[in-house]
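Here are my notes on the model you asked me to look over. Have it open alongside while you read.

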Amino acid sequence: MTTSQAVGSKETSQNSHEERLQIQRLQEQTLVISSNVGSDVVKGLTQRTKSLPPRYFYDDRGSELFEQICELPEYYVTRTETAILQECAGEIAQITGSCELVELGSGSSTKTRILLDAYYQAGYNLHYVPIDVSAGMLESTALQLLAEYPTLKIQALAGTYELALAQLEPTKLPTRTICFIGSTLGNLNSQECDEFFNQIINALQEGEYFLLGIDLQKPKHLLEAAYNDRQGVTAAFNLNMLAHLNRLYQGNFDITQFEHWAFYNETQNQIEMHLRSLRSQTIELQALNLTVSFDQDETILTEISRKFDLNNIQQELKAKGLVPQKVWTDKNQWFGLILCQKNW
């Protein structure tokens, strides 16, 4: 019997769900008390080279579109990492032993199921802490997981990585593994990456683990195809950021007057995603008291996706006190998974 088949009666399952699921909405609480809401938007849109933080991709619609991106034939990242996880999940469980799994940017938790299966088969307790900015995605995914894993306990945190990492409670299991899979590290520039590793270090106790997924350097044509799919899903995902800002901050972005533009910057070893203005125009975000003018062909940088050298990133992690214990890659060396342990 697989874990997904071991489901009790509907009534028992419903009662069990209530006992095994907690969802804490960190983001909503912060929006109420923060005096700096939207300051990152104001800063990004008023600088000489306009930019927006990637976190604004992920309203409920953005999360749905990203799940679609992961299934695209051009998007090698998800299927490559999934194949690696299927090979190494049992070994990860063996190395860490019984542990609480914390996942940053959990989405639909598709790949996490591979890890949960490995820990279940090893006879370990299943404790899962998914973290995502989309409360809707967290709730729907959590209910599915509770039905699939009758012994699973979930404490979901809806909010940013920074908020969630700062508020993690001590685990009740022997240890903890923070998972940052799916190549999202590439969205951070070198300074942000350094700050993020500091946050991970602060969230972990001595001897606890960090599982990191990284997209590795590869030919330009493969990378550009992955971010310019023929179905236009990535373009819709990129443009949805403007719709999200309209809702959050009473904006009037006309999405039909912007287009998706993505290319590989070979000097910086990174994909760059932009939104390009199709004409001269002015937009307002009333809640932020912000008016911004665009020239025709002017762009907003919405995302970078850095591609890493495996040896260099291991040295960087080690210098932070996150000592690599084991590294796994696919046969093409397109993607890497690194399991680290905090040693100070």
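The points below go from the whole chain down to single residues.

1. First, the status: this is a predicted model, so read each point that follows as a statement about a prediction.

2. Overall build. The protein chain has twelve helices and 13 strands. Its radius of gyration is 20 Å, close to the 20 Å from the globule rule for 344 residues, so the chain is as compact as a globular protein of that length. Along the principal axes, the C-alpha atoms fill a box of roughly 60 × 45 × 40 Å.

3. Burial and contacts. Of the 344 residues in the protein chain, 53% are buried. If you take the contacts with a separation of 6 or more, 74% of them are between residues 24 or more positions apart.

4. Annotation. An unreviewed UniProt entry lists residues 38-342 as "domain: Histidine-specific methyltransferase SAM-dependent". In the model, that span is 38% helix and 27% strand, and its end C-alpha atoms lie 34 Å apart.

5. The main core. Which residues have the most contacts inside the largest nonpolar core? They are Val41, Leu45, Ile92, Ile154, Phe253 and Leu285, in a core of 70 residues. Helix H5 (residues 76-96) supplies the largest share, with eight residues. The core lies between domain 1 (39-59 + 222-306) and domain 2 (74-219 + 308-342), because both domains give residues to it. As background, nonpolar side chains in soluble globular proteins tend to be buried together.

6. A closer look at Leu285. Setting aside neighbours within four places in sequence, Leu285 is in contact with Val41, Leu45 and Phe253, among others. Those three are also on the list of residues with the most contacts inside the core. The other partners of Leu285 are Leu245, Tyr249, Gln250, Gly251 and Leu290. Apart from this core there is another one, of 30 residues, and its members include Leu26, Leu165, Leu204 and Ile338.

7. Ser63. Is this serine buried or exposed? Ser63 counts as buried because its relative accessibility is 5%, where the cut-off for buried is under 20%. Ser63 lies in helix H4 (residues 60-69). Leaving out residues up to four places away in sequence, Ser63 touches Tyr58, Asp132, Ser134 and Met137.

8. The hairpin. Strands E12 (residues 322-329) and E13 (residues 335-342) run antiparallel and are joined by seven bridges. Within this pair, Val323 stands opposite Gln341. Five residues sit between the two strands of the hairpin.

9. Two backbone angles to check. Most residues other than glycine have a negative phi. Which way does Ser109 go, positive or negative? Its phi is positive, at about 60°, although Ser109 is not a glycine. Gln333 also has a positive phi, near 60°, and is likewise a residue other than glycine.

10. Where those two sit. Ser109 is in the loop between strand E2 (99-104) and helix H6 (112-121), while Gln333 is in the loop between E12 and E13. Their surroundings contrast: Ser109 is buried, with a relative accessible area of 3%, whereas Gln333 is partly exposed at 42%.

Notes
Residues are numbered from 1 along each chain as its sequence is written. This is a predicted model: local features need pLDDT of at least 70, side-chain atom pairs count only at pLDDT 80 or more; totals for chains, interfaces and linings use all residues. Side-chain values use heavy atoms; hydrogens and water are left out. Two strands pair if DSSP finds at least two bridges between them. Helices (H or I, at least four residues) and strands (E, at least two) are DSSP runs, numbered from the N terminus. UniProt positions are given in the numbering used here, feature names are shortened, and annotations may be inferred rather than shown by experiment. Buried means under 20% relative accessible area, exposed over 50%, partly exposed in between (1.4 Å probe, protein chains only). Contact means heavy atoms within 4.5 Å. A nonpolar core is a set of buried Ala, Val, Leu, Ile, Met, Phe, Trp, Tyr and Cys residues joined through side-chain atoms within 4.5 Å. Domain bounds come from an automatic or database domain assignment. The radius of gyration is taken over C-alpha atoms; the globule rule is 2.2 Å times the number of residues to the power 0.38.
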